[in-house]
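Please open the model in your viewer and keep the selection tool at hand. The tour below goes from one selection to the next and says what is found at each stop.

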Amino acid sequence: MDLGLGGSNSSPPRPKWRKVAYGGMQPGYNDNHTDETFLEGMVMNASVVKRDMLKVMLDSVSISEYLCIVALVVLVWTYTLSSSLDENSLLLIDLSLLVSGFLILLFTQEMLSLTLLLHYALNISFFITGLYVLAPIYQTLTRSISSDSIWAVTVSLLILHLFLHDYSESTVKAPGVLKNPALTSCISVNASVVASVFIASRLPSRLHVFAIMLFSLQVFLFAPLVTYCIKKYSFCLHLCFSISLMVLTLSFVYTLHRFLFVLLLSLLVFVNLVCPYWLIRIQEYKFEINGPWDEAKLCFDITD
């Protein structure tokens, strides 16, 4: 009799907790309740990429290559401002760069056509004509600004250019490429163009201004495209070209100033050896947790 009464007064058993995304609060459980199976789906360091020291060092060659390109531009600026390079020598350098870059672009293209040839020739002719017409404006653009201010702003713009430059690919795209450059890449290119204008405004003649602007814009705008095409065509050729460029740049800097040579050499060693070593070492301390609480990710392209 007592057993019957006791059984009738007992509370009903609590329902089992279920893991649901949208179901509201479950009776008998708090809203933030989790059971012992909650951490079963946890994965640690699932997306951490295991990097190889040699591969990271080879990838960093592109950064050193562009640092040497900018160093060569600064060397040409220095020799031009000190009257060691006249306008005829500059025009000869411009012509050599234009022809060699044009040939590299043609030979590294997968499909060579007459339309592509005409496209490049037309763009280059418009580019050179526009520079020659605007040369007198560039020459007098900063006449009222002191030289010390020009040097300070130019150095700052070059540092900004190197800091924001896209070292993975070229800002100037080949014909037919739909991907637009990033905002930081556009800012980097604009900084290099303004620095070139500041340097050109300190030259004595219109032909000097035209030659140095043509040289600077050829390097800053089209050299990344040429080096990217070489790397895409053959990585071994890219390595040979980069190493040769480093040796050439270091030899020119050595003849200019010993301290600058040591500074550039230290920078190249830092980029190619120290930075890859740091990147490999910090991977050991990376701690990433993934689990069922993460947001869902699309496994297909939403534009399809």
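**Aromatic pairs**

In this predicted model, a search of the whole structure finds six aromatic pairs. To look at one of them, select Tyr132 and Phe210, whose ring centres lie 5.3 Å apart and whose planes stand at 85°, so the pair counts as edge-to-face, the term used for planes over 60 degrees apart. With both rings still displayed, colour helix α5 (residues 114-139), which holds Tyr132, and helix α8 (residues 206-233), which holds Phe210; the pair therefore ties together parts that are 78 residues apart in sequence.

Is each ring buried or exposed? Tyr132 counts as partly exposed, at 39% relative accessibility, whereas Phe210 has a relative accessible area of 8% and is buried.

**Arg206, in contact with Tyr132**

Keep Tyr132 on screen and add Arg206, which is placed in helix α8 and counts as partly exposed at 34% relative accessibility. A distance drawn between the C-alpha atoms of Arg206 and Tyr132 should read 8.4 Å, although the two residues are 74 residues apart along the chain. Which residues does Arg206 touch, not counting those up to four places away in sequence? The selection to make is Tyr132, Val133, Ala135, Pro136 and Gln139.

**Helices α6 and α7**

Next, hide the previous selections and show helix α6 (residues 147-164) together with helix α7 (residues 183-200), which pack at an angle of about 155° with their axes 8 Å apart. Since angles over 145 degrees count as roughly antiparallel, α6 is roughly antiparallel to α7. The crossing in which α6 passes α7 is left-handed.

To examine the contact itself, display the side chains on both helices. From α6, the residues that take part include Ile150, Trp151, Leu157, His161 and Leu164, and those they meet in α7 include Thr184, Ile187, Ser188, Ala191, Phe198 and Ile199. Colouring the full set of contact residues of α6 with α7 by character should give 14 nonpolar, six polar and no charged.

**Val49 in its loop**

For the last stop, move to Val49, which is found in the loop between β1 (43-44) and α2 (53-59). Val49 counts as partly exposed, with a relative accessibility of 46%. Finally, add Gln283 to the view: the C-alpha atoms of Val49 and Gln283 are separated by 8.5 Å, while along the chain the two are 234 residues apart.

Methods: Residues numbered from 1 in each chain as written. Predicted model: local features only at pLDDT ≥ 70, side-chain atom pairs only at ≥ 80, totals over all residues. Heavy atoms only, no water. Axes fitted to C-alpha atoms, helices over the stretch in contact; angles between N-to-C directions. Helix = DSSP H or I, 4+ residues; strand = E, 2+ residues; numbered from the N terminus. Parallel < 35°, antiparallel > 145°, perpendicular 65-115°, else oblique. Left-handed = near helix turned anticlockwise from the far one by under 90°. Contact = heavy atoms within 4.5 Å. Nonpolar A, V, L, I, M, F, W, Y, C, P; charged D, E, K, R; others polar. Phe/Tyr/Trp six-rings, centres within 6.5 Å; stacked < 30°, edge-to-face > 60°. Buried < 20%, exposed > 50% of the residue type's maximum accessible area, 1.4 Å probe, protein only.
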